[in-house]
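Got your viewer open? Load the model, switch on cartoon plus side-chain sticks, and follow along stop by stop.

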Amino acid sequence: MNKFAKYTLLFLLFGALVLIRWFENELFYDPYLIFFKNDYLYLDNPRREVFKLTMFTGLRYALNSIVSLAILYVIFKEKDMIKFSAFIYVVAFVILIFIYLYFVINPRQEDYYMFFNVRRFLIQPIILLLLLPAFYYYKLKRRLLNNM
């Protein structure tokens with residue numbers, strides 16, 4: 001893949017992440033979007049449908065994960081990294097969704113800040129922000145060791 005095609009594809013993929021965020025109100029059921037934009041530490045938990053909320057949160061996580069894996073593949077072009085990343089995404093989802101469901105089912109005002117941060121890992125491509133520099137450092141370190 002030439003540089004122009006690579007950068008165009010990366011631009012489109014990052015654009016897809018932006019569009020997921022931009023149209024979050026139209027695409028996903030999430031009463032916590034408005035809740036956490038307000039002064040949530042002093043508000044009561046919003047009314048919500050737990051199953052519907054979980055499904056839409058999972059859908060958003062899946063969309064962000066697929067686009068993130070595509071970004072990692074375009075940048076690094078290593079299938080082993082993508083397999084490892086997919087494993088990380090699946091394990092993170094399983095762990096985070098259980099914590100998320102605990103906070104959704106048992107809302108307590110003193111837990112809102114922790115809930116906000118767990119939710120952020122599920123609905124934002126934060127794992128991509130962690131994997132990009134980690135894989136870059138790994139490739140750089142591997143290249144240095146091979147040149148010795």
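Before the first stop, a word on helix geometry: axes here are lines fitted to C-alpha atoms, for helices over the stretch in contact, and angles run from 0 to 180 degrees between N-to-C directions. Helices (H or I, at least four residues) and strands (E, at least two) are DSSP runs, numbered from the N terminus. This is a predicted model, where local features need pLDDT of at least 70, side-chain atom pairs count only at pLDDT 80 or more, and totals for chains, interfaces and linings use all residues. Residues are numbered from 1 along each chain as its sequence is written, and side-chain values use heavy atoms, with hydrogens and water left out.

**Stop 1: α4 against α7**

Select α4 (residues 50-76) and α7 (residues 126-147). The two pack at an angle of about 20°, with axes 10 Å apart. That makes α4 roughly parallel to α7, because angles under 35 degrees count as roughly parallel, over 145 as roughly antiparallel, 65 to 115 as roughly perpendicular and the rest as oblique. Their crossing is right-handed; a crossing is left-handed if the near helix is turned anticlockwise from the far one by less than a right angle, and right-handed if clockwise.

Now show the sticks at the contact (heavy atoms within 4.5 Å). On the α4 side, pick Y61, S68, I71, L72, I75 and F76; on the α7 side, pick I127, L128, L131, L132, F135, Y136 and K139. Colour this contact of α4 with α7 by class and you get 11 nonpolar, 1 polar and 1 charged residues. For the colouring, Ala, Val, Leu, Ile, Met, Phe, Trp, Tyr, Cys and Pro count as nonpolar, Asp, Glu, Lys and Arg as charged, and the others, Gly among them, as polar.

**Stop 2: α5 against α7**

Keep α7 on screen and bring in α5. How far apart are the axes of α5 and α7, and at what angle do they pack? The axes are 12 Å apart and the angle is about 150°. That makes α5 roughly antiparallel to α7. Here, α5 passes α7 in a right-handed crossing.

For the side chains, select M81, F84, S85, I88, Y89 and A92 in α5, which meet I127, L128, L131, F135, Y138 and K139 in α7. The contact of α5 with α7 has 10 nonpolar, 1 polar and 1 charged residues.

**Stop 3: K139 and its partner**

Stay on K139 and add E78. The two form a salt bridge, with the closest N and O atoms 3.5 Å apart. The term means a side-chain nitrogen of Lys or Arg within 4 Å of a carboxyl oxygen of Asp or Glu. K139 lies in helix α7 and E78 in the loop between α4 and α5, so the pair ties together parts that are 61 residues apart in sequence.

Is E78 buried or exposed? At 19% relative accessibility, E78 counts as buried. Buried means under 20% relative accessible area, exposed over 50%, partly exposed in between (1.4 Å probe, protein chains only).

While you're in that loop, click K77, which also has its place between α4 and α5. Its phi is near 55°, a positive value in a residue other than glycine. Most residues other than glycine have a negative phi. K77 is partly exposed, at 40% relative accessibility.

**Stop 4: the E24 network**

Next, select R21, E24 and R60, which are joined into one network by salt bridges that share partners. E24 meets R60 at 2.7 Å, N to O. That pair links distant parts of the chain: E24 in helix α2 (residues 24-27) and R60 in helix α4, 36 residues apart. E24 also bridges to R21, with the closest N and O atoms 3.8 Å apart.

Colour by accessibility: E24 is buried at 6%, R60 is buried at 3%, and R21 is partly exposed at 44%. The structure holds 4 salt bridges.

**Stop 5: α4 against α6, and N64**

Add α6 (residues 112-123), whose axis comes within 8 Å of that of α4, crossing at roughly 50°. That makes α4 oblique to α6. T57, R60, Y61 and N64 in α4 meet F121, L122 and I123 in α6.

Finish by centring on N64, buried with a relative accessible area of 5%. Leaving aside neighbours within four places in sequence, N64 is in contact with L17, I20, I123, Q124 and P125. Draw a C-alpha to C-alpha distance from N64 to A16: 8.7 Å in space, for 48 residues apart in sequence.
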